[in-house]
Amino acid sequence: MTWKLKRVSEKGSDPLRRGKKLNKNDSLPKGQTPFRIPSRSATLCKMKKKPGKKRREKLQKKVDKTHGLRNYHDDDVEVRKGKYGLGVYAARQFLPGEFVFEVTGQLLPHENYNGSDYVMELNEQWYLEPTTPAAFLNHSCSPNSELVQLTKHSLGLVAVCNIEPESEIVFDYQWEPHEGTPQCRCGALNCRGWVVAADSVHKMTKSKKKARKKTKM
Ligand SMILES: [Zn+2]
């Protein structure tokens, strides 16, 4: 085993400082360790082995099965696989204006949130990270439902048109443009092309044009 050292400084004759490759049997100056482990890799070191993709998928499946995270059904809706992965489907008909379900989940204060994109903004102070089934609602530029604020800390999903049984329930995410904003493939006739609010589409097309220019240069 060899340690590769980063060059720290030109000064001194100490092999550590000269960026010399050390062998395991080389003696280190008294009281010195080969390199300082940053805190993040320190936690990684604790793990015996980084779980591989397959192993992670297997573990996730087990968790999903035990806790019912990715399957849900009641008399009104069900979560199942569709064209674009998991989605929420109507188990019965919903009429325009009809309440579909309450969106429940974890409340998170704005200032220390750095999680998923799927969080919903409740007000200036709180986000709501939805649980099943709302966590699996997909986006469409031509939605058949919309979110309404029920109380200060809860949201509800309401049908905005007739939703036939078996059809997917979707709403308009209206994301703020951000790094990695996905292109929309909802297939609606009025698809805006990006999963952003209508008034932000021009920003996305602009940044795409800029990126194209850069690659040409
Ligand atoms: Zn679309």
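Visitor: How many bridges join β4 to β5, and which way do they run?
Guide: Six bridges join β4 (residues 77–82) to β5, and the two run antiparallel. Strands here are DSSP runs of E, at least two residues, numbered from the N terminus. Two strands pair if DSSP finds at least two bridges between them.

Visitor: What stands opposite Arg 80 in β5?
Guide: Gly 87.

Visitor: Is this model predicted, and what are the cut-offs?
Guide: This is a predicted model; local features need pLDDT of at least 70, side-chain atom pairs count only at pLDDT 80 or more, and totals for chains, interfaces and linings use all residues. Residues are numbered from 1 along each chain as its sequence is written.

Visitor: Back to the sheet. What is the strand order?
Guide: β3-β4-β5, an open sheet of three strands with antiparallel pairing. β3 (72–73) and β5 (85–90) are at the edges with a single partner strand each, so one side of each has no neighbour in the sheet.

Visitor: Which strand does β7 pair with?
Guide: β7 (residues 105–109) pairs with β9 (residues 126–130), antiparallel, over five bridges. Gly 105 has Pro 130 in β9 as its bridge partner.

Visitor: And what joins β8 to β9?
Guide: A hairpin, through four residues. Two bridges link β8 (residues 120–121) to β9, also antiparallel. Glu 121 is bridged to Tyr 127 in β9.

Visitor: New topic. What share of the protein is buried?
Guide: 15% of the 217 residues. Buried means 20 or more other C-beta atoms lie within 10 Å of the residue's own, with C-beta atoms placed from the backbone.

Note on methods
Buried ≥ 20, exposed ≤ 12 C-beta atoms within 10 Å, placed from the backbone.
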